[in-house]
Amino acid sequence: MVFVWSIYAAWLVLIVYLTVSAFGVKRDTEEHIAQRLGLMFAMILAFLLPRVPMFRFVNFAPVNAVLSSIGVIVAVAGMAFLVWARQTLGSNWSQIVSAKQGHELVTSGPYRYVRHPMYTGGLVACIGSAIVVGGGFVFLLILLGVIFLWRVGAEDRLLARQFPDEFPDYARRTKALIPFVW
């Protein structure tokens, strides 16, 4: 159970960090309440679905200490990558796909390797968490995967409009989510 509680504690710390670090970011140029509600709904749904009888098969306890240790390491590594990306973005970060006032194209830190490292880190953290806990994290991985794939396209289109001179070259030299692959 220590592995399971470690996963939940790590996610709690990450959520608190992201909430606190949201203060002082640049203002969005427009509001997108549907995006905010969609993300919140997906997270709630992910943890309700394992309670539906036909999906109970995803509720499993850690198989063994070695696999659980690997899962915790993968989850924490994904979270660390996400935090590094968030720190690198600074005040340019937004919870939604939206242009910021005084928006800057960030290409340093983890953005040298992938264009959307926060999504990469979040998905890796979900994979590690699903290995250890199963249940809601399995569905969170699936639902966030779909949302993040949509957001990759939406953010790339937004950045191409915002930075027509810089973004095409940046997109050519970096992959979207997986370094050297895609």
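Two salt bridges are present in this structure, which is a predicted model. One of them pairs Arg115 with Asp156, and the closest N and O atoms of these two residues are 2.8 Å apart. Because Arg115 lies in the loop between H3 and H4 while Asp156 belongs to helix H5, the pair ties together parts that are 41 residues apart in sequence. Both Arg115 and Asp156 are buried. As a general point, side chains of opposite charge can pair when their charged atoms come close.

The other salt bridge joins Asp169 and Arg173, where the closest N and O atoms are again 2.8 Å apart. Here the setting is a single helix, since Asp169 and Arg173 are four residues apart in helix H6 and are therefore separated by about one helical turn. Asp169 has a relative accessibility of 38%, so this residue counts as partly exposed.

From these charged pairs the reader can turn to the nonpolar interior. The largest nonpolar core has 39 residues, and those with the most contacts inside it are Ile7, Trp11, Tyr111, Met118 and Phe137. Several helices contribute to this core, with at least two residues coming from each of helix H1 (2–21), helix H2 (33–48), helix H3 (65–89), helix H4 (117–132), helix H5 (136–162) and helix H6 (167–173). Ile7 offers a way into the surroundings of the core: when its neighbours within four places in sequence are left aside, Ile7 is in contact with Gly71, Val72, Ala75, Ser129, Val132, Val133 and Phe137.

One residue on that list, Ser129, deserves a visit of its own. Ser129 has its place in helix H4, and it is buried because its relative accessible area is 0%, where buried means under 20%. What does the side chain of Ser129 meet there? Its side chain is joined to that of Trp11 by a polar contact of 2.7 Å, and a polar atom of the Ser129 side chain also lies 2.8 Å from the backbone oxygen of Ala125. Not counting residues up to four places away in sequence, Ser129 touches Ile7, Trp11, Gly71, Ala75, Gly134 and Phe137, so that Ile7 and Ser129 appear in each other's lists of contacts.

Ala130 likewise has its place in helix H4, and with a relative accessibility of 10% this residue counts as buried. Although Ala130 and Leu45 are 85 residues apart along the chain, their C-alpha atoms are separated by 15 Å.

On the outside of the model, Ile33, Leu37, Met40, Ile44 and Leu48 form a nonpolar patch on the surface, and together these residues have about 480 Å² of accessible area. Leu37, one of the members of this patch, is found in helix H2. Is Leu37 buried or partly exposed? Its relative accessibility is 46%, which means that Leu37 counts as partly exposed.

The path through the structure ends in the segment after H6, where Phe180 is found. With a relative accessibility of 77%, Phe180 counts as exposed. The backbone of Phe180 also calls for attention, since its phi is near 65°, a positive value in a residue other than glycine. Most residues other than glycine have a negative phi.

Definitions and conventions. Residues numbered from 1 in each chain as written. Predicted model: local features only at pLDDT ≥ 70, side-chain atom pairs only at ≥ 80, totals over all residues. Heavy atoms only, no water. Core = buried A, V, L, I, M, F, W, Y, C linked by side-chain atoms within 4.5 Å. Buried < 20%, exposed > 50% of the residue type's maximum accessible area, 1.4 Å probe, protein only. Contact = heavy atoms within 4.5 Å. Polar contact = N/O pair within 3.5 Å; in protein donor to acceptor, adjacent residues only side chain to side chain. Patch = residues over 30% accessible without salt bridge, like charges linked within 9 Å, V, L, I, M, F, W, Y side chains within 5 Å. Areas by Shrake-Rupley, 256 points an atom, 1.4 Å probe, with all protein chains shown as cover. Salt bridge = Lys/Arg side-chain N within 4 Å of Asp/Glu carboxyl O.
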